Amino acid sequence: MPTQTPLLAQVDNALLERIRKARHLVVFTGAGVSAESGIPTFRDAQTGLWSRFDATELATPEAFQADPALVWGWYEWRRMKVLQAEPNSGHYAIARMEQHIPQVTVITQNVDDLHERAGSQNVLHLHGSLHQPRCFDCATPYQLDSVPTEPEGGRRLPPPLCPVCGGAVRPGVVWFGEALPTTVLPQAFEAAASCDVLLSVGTSSLVQPAAQIPFIAQQHGAAVAHINTQPIISKHSDDWMLLGVASVLLPKLETQAFSNIRP
Ligand code: OAD
C-alpha cells in the first residue's frame, strides 16, 4: 500500500549529504517545474490544462484524425506560450548541478525546451517536444518557420502538409494511447537505475510509464526526493518530500549542498 511520505519544512542534512556525494544525479521533471515560467500544468485545479480542455478531443491520434485543425491550433497556442516564456530559477538551478556533480541526467515529461534554454546538457524528453512536429502519415520531421500568434486556447488552424507525402503535419508530442519514444524510455530507465540521487520535481506522478522512474531509482538504492507544492503519495515511506515551489527549493538545495552554508 502506498504510504504518505514525511514532509520536510527544512532540507535536512542527510539529503544534502547524499546530493553532495552523488556521482550521478537524475532530475525527473513535470509541468510544475515550468509553472512559474507561465506554462500551465495539466492537473492543477482551475489552471491545469485538463481542467479547462478535454484531453480526448485534443491529445489522441483519433482526435487529430477527426479534427486536425482543432488539434493543430491548440498545440500552436501552447507552442506560442513556450516561445514567450523564459526558464525560471528552478531550471537554472538544475542546469548548475552539472558544475557540482559529474553526471546529471534530466528526464522530463515536459514538451517545452526550458531545460535546454537554461543550459542543461543532457535532457531526455519522454513525451516529445512541441518544437519537433512530424508528418502524421510518413513521420518525416517538419521544419516550423512560423512563430504562432494564437489566442487563448488556440483557434482552428489547418496543419501544414508534409513536403514528402502530402500528409498532415502533427505535433511532435506523445498522445494518450501512444508509445513513448523507443530510444528515450530505455535511456531514462537506465539513468534511473544507475543514479545515486533522484529529484522528482513538479509532477503528479500519475502518468505511466514515466511514473515508474522514481521507483526504479529507489529500488536501486538511490535517495529520492519529491519537490512539489502538494504532498505526493509515495510507495516508499523513506522518500523525502520537500513542499514548496520549484523555483525556490531547487536553488536552496543547490546552495545548501554546495556552499559552506549549512541549514
Ligand atoms: P501535472 O499537472 O499532472 O502535475 C503537476 C504537478 O506539479 C502537481 O503535482 C502540482 O502540485 C505541481 N506543481 C505545480 N506548480 C508547482 C511549482 N511551482 N513547483 C513545484 N511543483 C508544482 O503534470 P505532469 O505530472 O507533468 O502527458 O503530467 C504528466 C503528463 O500528463 C504530462 O507530460 C502530459 C499530461 O497528460 C502528455 O502530454 C503525454
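Buried area, as the term is used on this tour, is the accessible area that two parts lose on being put together, summed over both. The model open in your viewer is a predicted one, and the tour begins with its two domains.

**Stop 1: the two domains**

Colour the chain by its domain assignment, which gives domain 1 as 1-39 + 87-127 + 180-263 and domain 2 as 40-84 + 130-173. If you place a marker at the C-alpha centre of each domain, the two markers for domain 1 and domain 2 will lie 28 Å apart. Next select the residues that meet across the boundary, where 14 residues of domain 1 are in contact with 13 residues of domain 2. Domain 1 and domain 2 bury about 1,000 Å² between them, and 60% of that area is on carbon and sulfur atoms. On the side of domain 1, show Ala31, Ile39 and Val111 as sticks, since these residues supply 48% of the area that domain 1 buries against domain 2, more than any other three residues. A search for salt bridges across the interface of domain 1 and domain 2 finds zero.

**Stop 2: histidine 127**

Move now to His127, which is covered by the annotation "active site" in an unreviewed UniProt entry. Histidine 127 has its place in the loop between β5 (123-125) and β6 (134-135). Is histidine 127 buried or exposed? Its relative accessibility is 13%, and because buried means under 20%, histidine 127 counts as buried. To see what surrounds this side chain, select its contacts beyond four places in sequence: for histidine 127 these are Thr108, Gln109, Val111, Gly172, Val173, Val174, Leu180, Val207 and Ala210. Val111 was already on display as one of the residues that supply the area buried by domain 1, and here Val111 appears again as a contact of histidine 127.

**Stop 3: the nonpolar cores**

Hide the loops and select the largest nonpolar core, which has 28 residues, and in which Leu15, Ile19, Leu25, Leu199, Val201, Leu250 and Leu253 touch the most other members. The elements that give two or more residues to this core are α1 (13-21), β3 (24-29), α7 (89-96), β4 (103-108), β8 (197-201), β9 (223-228), β11 (240-243) and α11 (246-258). Of these, α11 gives the most, with five residues. Centre the view on leucine 250, whose contacts beyond four places in sequence are Val33, Gly90, Ala93, Ile94, Leu199, Val201 and Ile227. Apart from the largest core lies another, of 19 residues, including Phe28, Ile107, Ala217 and Val224.

**Stop 4: salt bridges**

Side chains of opposite charge can pair when their charged atoms come close. Over the whole structure, the search finds nine salt bridges. Start in helix α1, where glutamate 17 and arginine 20 lie three residues apart, about one turn of the helix, and where these two form a salt bridge whose closest N and O atoms are 2.5 Å apart. Adding Lys21 to the selection shows a network of salt bridges that links Glu17, Arg20 and Lys21. Glutamate 17 is partly exposed, with a relative accessible area of 33%, and arginine 20, at 21% relative accessibility, also counts as partly exposed.

Then go to helix α6 (residues 68-84), where arginine 79 and glutamate 76 are separated by about one helical turn because they are three residues apart. The salt bridge between arginine 79 and glutamate 76 has its closest N and O atoms 2.8 Å apart, and both of these residues are buried. A further pair to select is aspartate 113 with arginine 117, whose side chains meet in a salt bridge at 3.2 Å, N to O; arginine 117 is partly exposed, with a relative accessible area of 32%.

**Stop 5: two loop residues**

Select aspartate 196, found in the loop between α9 (184-194) and β8, and partly exposed with a relative accessible area of 28%. Beyond four places in sequence, aspartate 196 is in contact with Arg18, Ala22, Arg23, His24, Ala222 and Ala223.

The last selection is proline 141, in the loop between β6 and β7 (169-170). At 68% relative accessibility, proline 141 counts as exposed, and not counting residues up to four places away in sequence, proline 141 touches Pro133 and Arg134. For a final distance, draw a line from proline 141 to alanine 85: the two are 56 residues apart in sequence and 24 Å apart in space, C-alpha to C-alpha.

Key. Residues numbered from 1 in each chain as written. Predicted model: local features only at pLDDT ≥ 70, side-chain atom pairs only at ≥ 80, totals over all residues. Heavy atoms only, no water. UniProt positions renumbered as here; feature names shortened; annotations may be inferred. Helix = DSSP H or I, 4+ residues; strand = E, 2+ residues; numbered from the N terminus. Buried < 20%, exposed > 50% of the residue type's maximum accessible area, 1.4 Å probe, protein only. Contact = heavy atoms within 4.5 Å. Core = buried A, V, L, I, M, F, W, Y, C linked by side-chain atoms within 4.5 Å. Domains from an automatic or database assignment. Buried area = accessible area lost by both parts, 1.4 Å probe. Salt bridge = Lys/Arg side-chain N within 4 Å of Asp/Glu carboxyl O.
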